[in-house]
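Me: Here's a set of chains I'd like to talk through with you. Could you take my questions one at a time?

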Amino acid sequence: MHVRLADLAKLLGAELIGDPDLCVSSIGTLETADPNAISFLAQARYLAALRSTSAGCVIVGAVHREEAMARGAALVAADPYLAFAKLTQWWAKQGRSASVAGVHRSAVVEEGAFIAPDATVGALAYIGRGARIGAGAVIGTHCHVGGDASIGAGTVLKAHVTVSDGCLVGQRGLLHSGVVIGADGFGFAPNAGAWEKIEQLGSVRIGNDVEIGANSCVDRGALDDTVLEDGVKLDNLVQIGHNVRVGAHTALAGCVGVAGSARVGRHCTAGGGAIILGHLVIVDHVHITAATVVSRSIHKPGQYSGAFPFDDNASWEKNAATLRQLHSLRDRLRALEKKN
Amino acid sequence: MHVRLADLAKLLGAELIGDPDLCVSSIGTLETADPNAISFLAQARYLAALRSTSAGCVIVGAVHREEAMARGAALVAADPYLAFAKLTQWWAKQGRSASVAGVHRSAVVEEGAFIAPDATVGALAYIGRGARIGAGAVIGTHCHVGGDASIGAGTVLKAHVTVSDGCLVGQRGLLHSGVVIGADGFGFAPNAGAWEKIEQLGSVRIGNDVEIGANSCVDRGALDDTVLEDGVKLDNLVQIGHNVRVGAHTALAGCVGVAGSARVGRHCTAGGGAIILGHLVIVDHVHITAATVVSRSIHKPGQYSGAFPFDDNASWEKNAATLRQLHSLRDRLRALEKKN
Amino acid sequence: MHVRLADLAKLLGAELIGDPDLCVSSIGTLETADPNAISFLAQARYLAALRSTSAGCVIVGAVHREEAMARGAALVAADPYLAFAKLTQWWAKQGRSASVAGVHRSAVVEEGAFIAPDATVGALAYIGRGARIGAGAVIGTHCHVGGDASIGAGTVLKAHVTVSDGCLVGQRGLLHSGVVIGADGFGFAPNAGAWEKIEQLGSVRIGNDVEIGANSCVDRGALDDTVLEDGVKLDNLVQIGHNVRVGAHTALAGCVGVAGSARVGRHCTAGGGAIILGHLVIVDHVHITAATVVSRSIHKPGQYSGAFPFDDNASWEKNAATLRQLHSLRDRLRALEKKN
């Protein structure tokens with residue numbers, strides 16, 4: 001693919017500096033881009049890389065216009081990272097072949113399922129009785145869409161996605177391979193030393209524009225529904241327990257676990273491996289550092305952290321051993337203070 | 001569905017207070033239940049919600065009989081949480097259509113597999129040579145049951161479950177979508193800077209009444225088998241390494257990892273994200289708090305914890321930095337003590 | 001299976017002590033082996049078990065030749081653990097039936113896919129347009145090999161593996177059930193409170209002799225590729241973010257997460273549940289203890305740790321509460337020191 005800078009400037013609403021007929025044929029990072037590639041500068045701390053890049057063209061903000069001009073062609077955009085995102089979207093659209101609408105001959109569609117005429121159902125997929133597949137939706141190979149489940153218009157399920165009976169996925173969503181929506185929440189009552197199952201009678205409701213990473217799980221609610229609001233983004237191997245509510249535009253990175261009945265606000269983020277315990281509330285605009293264990297509610301926006309600082313093993317061993325006596329150290333300190 | 005309170009009282013062996021002909025049509029929490037719903041009070045700390053609920057009927061223990069009567073109809077049960085569990089089981093049975101026995105035309109069944117006449121094999125499932133599917137078992141769509149594997153009577157595999165060659169699953173089990181039983185344990189011998197595979201010659205044996213959550217994994221043993229005893233409950237995204245033994249009626253929450261050759265006792269629990277290291281022993285009735293790293297054997301029943309307490313980021317940073325000098329702080333404290 | 005010790009000695013290049021015609025029919029640990037089994041001693045700390053084992057034969061190193069002879073038949077090998085690994089490989093080969101080459105009648109193969117004549121494509125598998133399946137490769141049931149993806153000679157995909165469009169897997173690899181190669185990396189640009197998708201235009205390149213455990217994920221790169229070099233071993237439920245590079249012969253245990261753009265060196269190991277943050281570099285020969293959070297680059301080989309030491313709940317509570325005041329304790333200690 002070759003594309004003229006003038007066309008890209010128009011596409012991105014950016015100001016072009018340089019030859020409008022110059023072409024680029026790939027997108028690269030500042031480090032790896034060659035003269036046929038376009039790159040971008042999203043953060044000032046990469047300025048050194050801007051100066052040394054071989055990229056044929058760079059997308060920059062107004063604040064870096066001078067530095068960019070000094071080295072060659074540039075597109076000046078109001079938000080260069082957003083312009084880069086839009087460029088990748090346009091690029092992907094050119095490169096990828098569109099799905100062929102229709103139901104693959106090897107798919108199994110139960111009676112009473114509704115599939116929009118322009119939707120795609122891939123090879124070896126299964127669509128249950130009463131399921132609804134919206135306009136332009138794409139159901140990947142080997143997907144399971146359970147009875148009475150609903151997949152919104154324009155939503156894409158990659159290969160091997162499970163959407164269980166009665167679960168609802170909104171529009172323009174993207175569920176990656178191995179995602180499981182609507183497995184039973186983890187609920188049992190103790191009964192004479194054994195566990196009695198609490199059947200999970202709720203469902204899962206997923207809003208519009210939600211993306212869920214590979215092998216992530218969203219359990220159905222016990223009585224009410226588990227809910228992901230619009231624009232939520234989950235990375236891979238994320239666990240969402242029953243009755244959880246994740247607020248709009250919240251993004252959770254890989255390996256995050258959210259235990260049952262937690263309510264996570266809107267516009268929150270959590271770094272990889274964070275654990276959010278159950279039956280607590282996190283307000284909007286809370287940012288949780290990777291590997292933090294959130295063990296009680298958070299009522300104020302802000303950044304919260306809780307990882308143990310790693311160290312070479314010998315130092316860690318000494319500090320960890322001392323940590324187990326920390327409370328008594330405090331008492332000894334108090335005693336000394338009283339003496340003085 | 002409409003059900004008379006008199007019928008529910010009989011079903012649950014509970015004492016009915018109120019009009020026996022009153023009907024309910026749903027189950028709700030105290031907060032969300034409307035006058036057509038039945039709810040329950042399992043813990044005294046929700047007493048305020050009992051007083052304000054709109055539920056048509058509530059299940060309570062004898063100790064809360066007065067409070068319940070004061071507000072309307074009630075079912076008084078010996079163990080109200082257990083009664084609620086049984087109610088959900090009955091409710092689910094009414095609402096869900098039974099599986100149709102037989103092998104779906106799109107399933108692939110190898111020669112020499114045995115499938116009980118009243119078992120169900122779903123669409124696009126695969127049953128290997130010599131596999132045995134017990135009476136009334138349900139094999140979901142896209143499941144893989146490997147050669148010589150065995151699925152016990154009444155066990156349900158939801159969509160996309162893998163039970164590898166030679167692995168045994170007991171009776172009345174429930175394996176959720178994406179579960180992988182019997183992948184190779186992680187075993188390698190170092191060989192001149194590379195890794196030489198240790199073939200995993202053991203299998204997996206799963207007892208009766210075991211439930212395993214979505215995308216969880218139980219690896220086959222290296223030489224002996226990996227074992228989950230009767231009544232074990234695993235949540236989603238749980239990892240059970242090779243040669244692990246999990247004792248009867250132990251429950252492990254989401255994202256828990258148990259490393260190879262660990263032996264976890266009976267009637268234990270572990271909260272979400274806990275990590276149990278390998279080659280250690282945990283006795284019966286041990287309860288591990290979420291996100292705890294169990295790095296040595298536990299020989300006494302009780303509750304064990306080990307998460308770093310999270311904090312606002314600025315406070316955490318200061319405390320974490322100091323933690324890296326903790327051992328020297330202790331030495332300085334000692335020095336002061338000697339002076340005094 | 002019965003095998004003569006003389007034949008095993010030849011196979012393993014080991015010196016036989018004892019009757020060459022003695023046969024064994026299984027492999028066991030020192031604890032569980034019976035007189036028909038062969039076992040091994042890999043570490044001196046199991047010497048007591050060597051003395052008490054009922055095994056018919058034991059594999060030992062030269063250093064333990066005397067102890068082994070004192071109890072019966074033995075194979076003396078240069079590296080007994082490596083000899084044991086090779087023995088398991090030979091044993092597995094005898095016991096397992098070879099895959100039948102060819103494409104199962106229920107598989108779906110798109111036009112323009114190339115499948116080597118001696119490769120195997122299992123039941124209900126899907127092979128996309130332009131995909132290449134190398135000589136002797138085995139594609140398990142329900143696998144998805146996307147368009148233009150490539151599976152190297154001799155590589156085995158167990159049931160339910162997804163290799164997305166354009167991703168490359170080398171030779172002699174082993175991908176366990178539920179593995180997802182090439183889902184989108186987690187990349188979004190903020191846009192007026194919502195998230196704008198950054199299309200992931202890179203791919204995944206996996207070297208030779210790589211093993212990946214059940215339900216693990218390796219995301220495609222944003223612009224460049226995500227790379228696993230030769231001989232990498234990943235356990236179950238491991239997450240590899242976009243643009244990560246994992247160096248040759250590095251092994252990551254279960255539930256490890258590696259965030260985007262991290263570069264992990266060669267010959268490294270990480271214990272279960274470790275989290276490696278993004279955009280950092282770890283040099284060769286670094287060993288990370290289980291559950292450690294690696295939050296900055298590691299420039300020196302060695303062992304690094306960072307788990308919170310667990311304790312009985314009451315002790316943990318006191319120490320954790322004090323930890324939240326650690327910085328002020330340090331200040332108080334300083335104040336005391338000044339006074340003295």
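Reply: Sure, and one definition up front: two residues are in contact if their C-beta atoms, placed from the backbone, lie within 7 Å. This is a predicted model, where local features need pLDDT of at least 70, side-chain atom pairs count only at pLDDT 80 or more, and totals for chains, interfaces and linings use all residues. Residues are numbered from 1 along each chain as its sequence is written, while chains are lettered from A and ligands numbered from 1 in the order in which they are written.

Me: How many residues of chain A are in contact with chain C?
Reply: Take the chain C side of that contact, which has 58 residues. Counting Ala, Val, Leu, Ile, Met, Phe, Trp, Tyr, Cys and Pro as nonpolar, Asp, Glu, Lys and Arg as charged, and the others, Gly among them, as polar, that side divides into 28 nonpolar, 20 polar and 10 charged. On chain A, the number in contact is 60.

Me: Which element gives the largest share of the side of chain C that touches chain A?
Reply: Elements here are DSSP runs numbered from the N terminus: helices (H or I, at least four residues) and strands (E, at least two). Those giving two or more residues to this side include strand S22 (188–191), strand S23 (194–197) and H5 of chain C. The largest share, 5 residues, comes from H6(C).

Me: Which residues of H6(C) are exposed on the side away from its buried ones?
Reply: Buried takes 20 or more other C-beta atoms within 10 Å of a residue's own, exposed 12 or fewer, and partly exposed is in between, with C-beta atoms placed from the backbone. Leu326(C), Leu329(C) and Arg330(C) are buried. They cover an arc of only 100° around the axis (from the directions from the helix axis to the C-beta atoms), so they sit on the same side of H6(C). On the other side, the exposed ones are Arg334(C), Ala335(C), Lys338(C) and Lys339(C).

Me: Is Ala251(B) buried or exposed?
Reply: Ala251(B) lies in strand S31 (residues 251–252) of chain B. Leaving out residues up to four places away in sequence, it touches Phe188(A), Trp195(A), Lys233(B) and Thr269(B). It has 22 C-beta neighbours inside 10 Å, so Ala251(B) counts as buried.

Me: Which residue of S39(C) stands opposite Asp312(A)?
Reply: Two strands pair if DSSP finds at least two bridges between them. Strand S40 (residues 311–312) of chain A pairs with S39(C) in the antiparallel sense, over 2 bridges. Opposite Asp312(A) stands Tyr304(C).
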